[in-house]
Amino acid sequence: LASGSLIDLASSVVDYARKAGADQCDVIAHRYDESSVTVRFGEVEKFLEAGSRALGLRVINGGRTSVCSTTDFNDAALRQFVADAVALAAISEPDECAGLPDPALFATGRADALQLYDERLQSLTFEDRVAMAKACEAAALAEDRRITNTDGASLTARAGEVALVNSLGFAGGYPSTSISLVVEVMADDEDGKKRNAHWFTSERLLHRLLPPEEVGRIAARRAIAQLGARKVETRRVPVVFEPMMAASLAGTVAGCANGGALYRGATFLADRRGLAIGSSLFTLTDDPAQPGRAGSRPFDGEGVATRRTVLFGEGVFEGFLFDCYTGRRTANPTTGSASRGIESLPTPSTSNLVVQPGETDPTAIVAGVRDGLYVTTLMGFGFNPATSDFSRGAAGFWIRDGELAYPVTEVNISGRMDAMLAAIDATGTDLTWFGSTAAPTLRIAEMTVSGT
Amino acid sequence: MTDPTTEALALFGGAYNIDPAVMSSLLSTALSRGGDFAELFFEHRKNNSISWEDQRVKAAGRNIVQGVGIRVVKGDAIGYAYSESLELEAMRRAADTASRIGTEDERPVPIDATPAGVSDRYYSAVDSLGDRPPADKVALLQRADRAARAYDPSVSRVDASINDELKTILVSRSDGRVVGDVQPLIRIGVSVLSLRDGSRQVARLSGGGRLGMEYFEQVPPEQMARETARQAVLLQDAAEAPAGSLPVVLAAGDSGILLHEAIGHGLEADFNRKGTSNYSGRIGQPVASPLVTVVDDGTIAKSRGSIHIDDEGNVSRRNVLIENGILRGYLQDQISARHFGVGPTGSGRRESFKDYIMPRMTNTLMLAGEDHPDDIIRSVGRGIYCISFNGGQVNISNGDFVFSVTEAYLIENGKVTRPIRNVNLIGNGPDVLSSVTKVGSDYALSDGRWMCGKDGQSVPVGVGMPTVLISAMTVGGTKVG
């Protein structure tokens, strides 16, 4: 993929917009090829292959903003699209905080060091991809005779490029790849219920992908381990989060450390910068420069150079993620955290979110619990960012005398996020990546577990 | 009122020269390697949005998405390709790619594409919001803002948005059927922050449907804004929710989301065909209390989940899923219908031309019973009363589900007393539906706000329900004992 042509296209749309009367504008364009294949019981169940493209234009005219998108790249259609977008901005009212970044903040470095593109993905044939999915599912089915059904294994690969050009002279673009493999299998429980589990691996670089067989075996073991799952009594106990669930908690916390939530007054972290909210074991960073990771980016959705931001440092809340708009709204500099969708205005978002690992072996974290819950699944959307009230469905294992005693399902865990962060009393050595988030095992000293 | 197929043919024919001869030719390419069945799905979607913050319009937006999805079916297997370009050469390439699910040597397959009309009409794009001057829509947001601020002095922030979409689809199948639809959809959303003595509470509500300006005659923006403000202020005084197993009364309307999660997804035929649903192989068996009758009805006038045809070109209809507690049928797409040897149910849907078809819900409803809603509440000694919700999730395989309640109260000695916050309901679909002990006479359809996600694809749906008593369900609060 030659990225020059996409930047050229975006540049010409910026020119059209300037000629149509836009004071300021920026254009994001992307183009990618995607292919996915699903194998079930060893047969190809479905495949998809396609090339996709889209373009988004933001116009800022005297502080009045419009944001439009199209998938029609025909030149005449693009000129009409631009004229409409410029006219549309007049509907908005002037906002002194709207505007492109200060050009001094524009990224100048190259994307190569971030290793976002792996040309080896392009050489994977359809047959290669089918073989990987088959190997994954077969390993899951072979792991245990109690695995009786499968939802199949899917392999998805994408290769594409993104370009961002604005009217203040920024023009950047880079190619990227991604590949993921996921499998879900199930076992029949004695009460007639099915116990299912999935596992996945998702990377930009092919060599980092877990072996397909390992993904399959993990999924199978997780399903088997849930056989005989039951509810538990309602009580307050220590709760241990396996790394994948700790990563989910980290995402929830980061959503509250967002400049958009700050200026809308919709986060419990408002007015709490510099305060010790979490336990000293809790350090959370946003790191866009991790080589080869899903969230890595050389510039943000406004062309600003990206940088590492500490959200929580040893429990102290250090600050929010900002783009230009939310920064100006709250008298803060942008942290280079703008994320830009084709159809939407820039908004602050995390890049790679990392919960710093601790010094405790994960088995020791469990061993330190007499009665408690080990969480491997969270369900539902029960979190209120404004109040920090947290309440989600959960499943996993009951811990008794320091060991996983039996599987648990259909329970709920709840608490206030600020109190939960303060009650983190162990972090594991087992830092694990899940896409753009990495976390170790975490233990919270006490939460409400609701059951019978 | 012109026929939707005629309108769709005019749009794609006029702008892109897509006519029955082009469709026949593409389908012929799609089947050239021995596929059993092929379909072309043309889509043109245009939406307008206006967002409101700080008592002014923050931004206006417009998106245009178009393309074609081409599917070829061989047995139960699917080859799929799509193209954003509607140039003949690009579409031909996509048809050729999808054809490769077949493995035979290339040979031409003649197809006779024949446009068909749509007889029943449940909505129309006449008077669509997209045709209105933007100032009319801005005025609605302004009215919502004023009403929310006037509701209570603690209301310190109001965000709002209005979206209107017009989606034109044209389905052309290798059995010759060509059918189209024009689907309008609007949604207004209001978010209110109540700030009192440093305590922040946010509430959000939205509504709409497949209609135009007339929606705001039924639900004036002031009404939605006041309702949102009321919920935010109410949370200021809400108590900690109890934790543990309790009787739960679900109010009429929005509670249908429980039905959607607890049972709707498990009745989608793809899961049942593969034996991965907890309802697999249970047709004709009791799966709920005899008081429970559940239908999925894509034909409700102007409802968010309604469709004239599904995205495979089959006519939408009313499907009885559970009748007096007995499982009667599943929601089918074509592949599953053929597997089960039944007719189509009009339930094949997809988010866009880029996506696979799956069996999906439209408007999922529990029919009214005979109990007076007041008597239902009076029958509960200690429990909770749930009115509005912000979403849920289900594990299809074992039926476990969760959903979050945004407005709930304690019931003490048969009376609704204090508001409670941070309430989650956890249950198992079949267990909970077997525990339905009273069903109210007060059936209501929820306002059009729900979006259903499955396998990464979102489609608009409707839900509806009468007041219902569930004898025991796990309430995930924070207060133990």
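In which sense, parallel or antiparallel, do strand β8 (residues 284–286) of chain A and strand β9 (residues 309–313) of chain A pair? I looked this up before anything else. The two strands pair in the antiparallel sense, over three bridges. I also noted one residue match: A:Leu284 stands opposite A:Phe312 in β9(A). I keep in mind that this is a predicted model.

**Entry: the sheet around β8 and β9**

I followed these strands outward into their sheet. It is an open sheet of six strands in chain A, with the order β10-β9-β8-β13-β20-β19. The pairing in this sheet is mixed. I then asked why one side of β10 and of β19 is left without a neighbour. β10 (316–317) and β19 (432–434) of chain A stand at the edges, and each has a single partner strand, so one side of each has no neighbour in the sheet.

**Entry: the two chains, one at a time**

I counted elements next. Chain A comes to nine helices and 21 strands. Chain B has eleven helices and 25 strands.

I checked overall dimensions too. The C-alpha atoms of chain A fill a box of roughly 70 × 55 × 35 Å along the principal axes. For chain B, the C-alpha trace spans about 75 × 55 × 35 Å along its principal axes.

Then I compared each chain with the globule rule. Chain A has 452 residues, for which a compact globule would have a radius of gyration near 22 Å; the chain has 24 Å, which agrees. Chain B has 481 residues, and the rule gives a value near 23 Å; the chain has 24 Å, which agrees as well.

**Entry: where A meets B**

I turned to the interface. I find 78 residues of chain A in contact with 72 residues of chain B. The two chains bury about 6000 Å² between them, and 47% of that is on carbon and sulfur atoms. Which three residues supply more than any other three of the area that chain A buries against chain B? They are A:Phe47, A:Met379 and A:Glu410, with 11% of that area.

I listed the polar side of the interface as well. There are 44 residue pairs in polar contact between chain A and chain B, counting pairs with both residues at pLDDT 80 or more. Strand β2 (residues 43–61) of chain A gives the most to the side of chain A that touches chain B, with ten residues. By class, that side of chain A has 22 nonpolar, 29 polar and 27 charged residues.

Salt bridges came next. The rule finds ten across the interface of chain A and chain B. I opened one of the pairs: the side chains of A:Asp271 and B:Arg200 meet at 3.1 Å, N to O.

I returned to β2(A) for its strand pairing across the chains. Five bridges join β2(A) to strand β3 (residues 77–83) of chain B, and the two run parallel. In β3(B), A:Leu48 has B:Tyr80 as its bridge partner.

**Entry: a salt bridge inside chain A**

I widened the search to the whole structure. It holds 61 salt bridges over all chains. Within chain A, I picked the pair A:Arg58 and A:Asp26, whose side chains meet at 2.9 Å, N to O. This pair links distant parts of the chain: A:Arg58 lies in strand β2 of chain A and A:Asp26 in strand β1 (residues 24–40) of chain A, 32 residues apart.

**Entry: B:Ser280**

Last, I looked at a single residue. Where is B:Ser280 found? It is in the loop between α8 (269–273) and β10 (294–297) of chain B. Leaving out residues up to four places away in sequence, B:Ser280 touches B:Phe271, B:Asn272, B:Gly275 and B:Tyr330. The side chain of B:Ser280 also reaches the backbone oxygen of B:Ser277, at 2.8 Å. I took one longer distance: the C-alpha atoms of B:Ser280 and B:Leu367 are separated by 23 Å, with their positions 87 residues apart along the chain.

Notes: Residues are numbered from 1 along each chain as its sequence is written. Chains are lettered from A and ligands numbered from 1 in the order in which they are written. Side-chain values use heavy atoms; hydrogens and water are left out. Contact means heavy atoms within 4.5 Å. Buried area is the accessible area (1.4 Å probe) that two parts lose on being put together, summed over both. A salt bridge is a side-chain nitrogen of Lys or Arg within 4 Å of a carboxyl oxygen of Asp or Glu. A polar contact is a pair of N or O atoms within 3.5 Å; within protein, one must be able to donate a hydrogen and the other to accept it, and residues adjacent in sequence count only if both atoms are side-chain atoms. Helices (H or I, at least four residues) and strands (E, at least two) are DSSP runs, numbered from the N terminus. Ala, Val, Leu, Ile, Met, Phe, Trp, Tyr, Cys and Pro count as nonpolar, Asp, Glu, Lys and Arg as charged, and the others, Gly among them, as polar. Two strands pair if DSSP finds at least two bridges between them. The radius of gyration is taken over C-alpha atoms; the globule rule is 2.2 Å times the number of residues to the power 0.38.
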